[in-house]
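Here's a quick briefing on where the empty space sits in this model and how one of its helices packs. Have a look at the structure first.

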Amino acid sequence: MLDFIRIACAVPDVAVANVEHNAQEICKYIAQADEENVDLLIFPELSLTGATCADLFFEDALHAAVRKGLHTIAECSWEHPEVTVVVGLPVRDGLRIFNSAAVIIEGEVQGFVPKSVIPASDESRWFASANDLCDGDAIGTALGWENEFCGGRAMFNIHDTHLCVEFGSDLASPVPVSGDMALNGAEITVCLAAAPEVVGSRTARRKLVEHQSDAFHMVYAYCSAGMMESTQDGVYSGHSMIAENGSILAENEKFTDSGYMIVTDCDLGRVRALRRRSSSFREAARQDKDFWNVNWGVKGFRSDGTLYHLNKLPFIPE
């Protein structure tokens with residue numbers, strides 16, 4: 001049996017602080033992904049509100065809209081149960097706000113994963129780090145779900161496939177969350193990002209994704225905020241890519257873009273085979289299980305591998 005999974009990165013046309021509009025855009029891509037037999041769908045960081053809300057993140061009205069918008073997305077997920085959805089949103093816990101990702105399956109939020117590395121230059125004004133959480137903190141309570149995730153270390157076991165979540169600044173840190181999680185069994189990492197475009201940043205991001213997927217023999221899906229976020233002093237490009245074992249399988253073609261979705265198949269069987277063969281990976285792997293583990297059974301992935309590129313001369317570089 002071939003172990004393929006169909007993954008998509010969707011970058012919607014976000015309207016900053018217009019949560020109702022953004023929720024409808026996200027639902028539109030969930031329906032489209034279901035039509036294309038997608039198993040895992042990723043949206044950018046803070047895609048439910050927009051990443052450039054600035055001090056609006058402090059407003060009660062925004063968080064009330066987030067609660068309503070998340071329930072709208074969950075209802076849409078219930079109508080499309082075959083698609084696992086990862087969406088970015090702010091989650092308020094008392095006086096703290098966490099830049100988080102919600103993992104939604106069959107209409108239920110299975111967990112909230114907060115961002116660990118908060119750039120001190122800007123985001124620290126609005127967001128707390130996942131490292132500030134303590135055991136038993138249920139950051140999703142205010143949104144109607146009581147998912148108790150401590151820090152950015154959470155593993156989702158979906159149809160015997162292990163998935164973890166990190167953010168763009170986590171990937172750029174000296175010790176990314178995904179590396180530690182991969183050594184504990186994560187086969188897929190989804191990365192939610194909202195990175196402004198500067199000279200050379202596109203190449204730098206691609207190198208980071210290629211390296212991470214190669215060093216840890218994993219599937220790595222990176223989805224970044226689109227150009228509709230460019231309402232202040234930063235230009236956002238909507239750079240998204242899906243890599244497997246050091247090779248980029250899919251990437252958006254335009255330099256700045258939004259309102260699109262890239263889709264590709266990934267070979268989990270190859271990921272697992274390379275890990276078994278790699279003595280360096282086996283030596284580095286730790287099984288300390290110091291993370292939250294969420295098990296969720298689905299019928300199985302729908303991908304048949306038809307979108308997976310095969311080299312007719314596999315021992316000769318293309």
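A pocket here is an open set of points on a 1 Å grid over the protein atoms alone, where a 1.4 Å probe fits, with protein on both sides within 12 Å along at least five of seven lines; lining residues have an atom within 4 Å of a point. A volume is the space filled by probe spheres set on the points, which are joined across faces, edges and corners. The model is predicted, so to speak with care: local features need pLDDT of at least 70 and side-chain atom pairs 80 or more, while totals for chains, interfaces and linings use all residues. Numbering starts from 1 along each chain as its sequence is written, and side-chain values use heavy atoms, without hydrogens and water.

**Largest pocket**
- The largest pocket holds about 660 Å³ of space.
- Of its 31 lining residues, Asp-122, Ala-194, Ala-195, Pro-196 and Tyr-236 lie nearest the centre.
- α5 gives the largest share of that lining, four residues (helices are DSSP runs of H or I, at least four residues, numbered from the N terminus).

**Second largest pocket**
- This one comes in at about 330 Å³.
- Its lining includes Glu-244, Asp-267, Arg-270 and His-309.

**Helix α2**
- Helix α2 (residues 60-79) has buried residues (under 20% relative accessible area, 1.4 Å probe, protein chains only) including Leu-62, Val-66, Leu-70 and Ile-73.
- Seen down the axis, the buried residues of α2 fall within an arc of 155° (taken from the directions from the helix axis to the C-beta atoms), so they line one face of the helix.
- On the other side, Lys-68 and Trp-78 are among the exposed residues (over 50%).

Conventions: Helix = DSSP H or I, 4+ residues; strand = E, 2+ residues; numbered from the N terminus.
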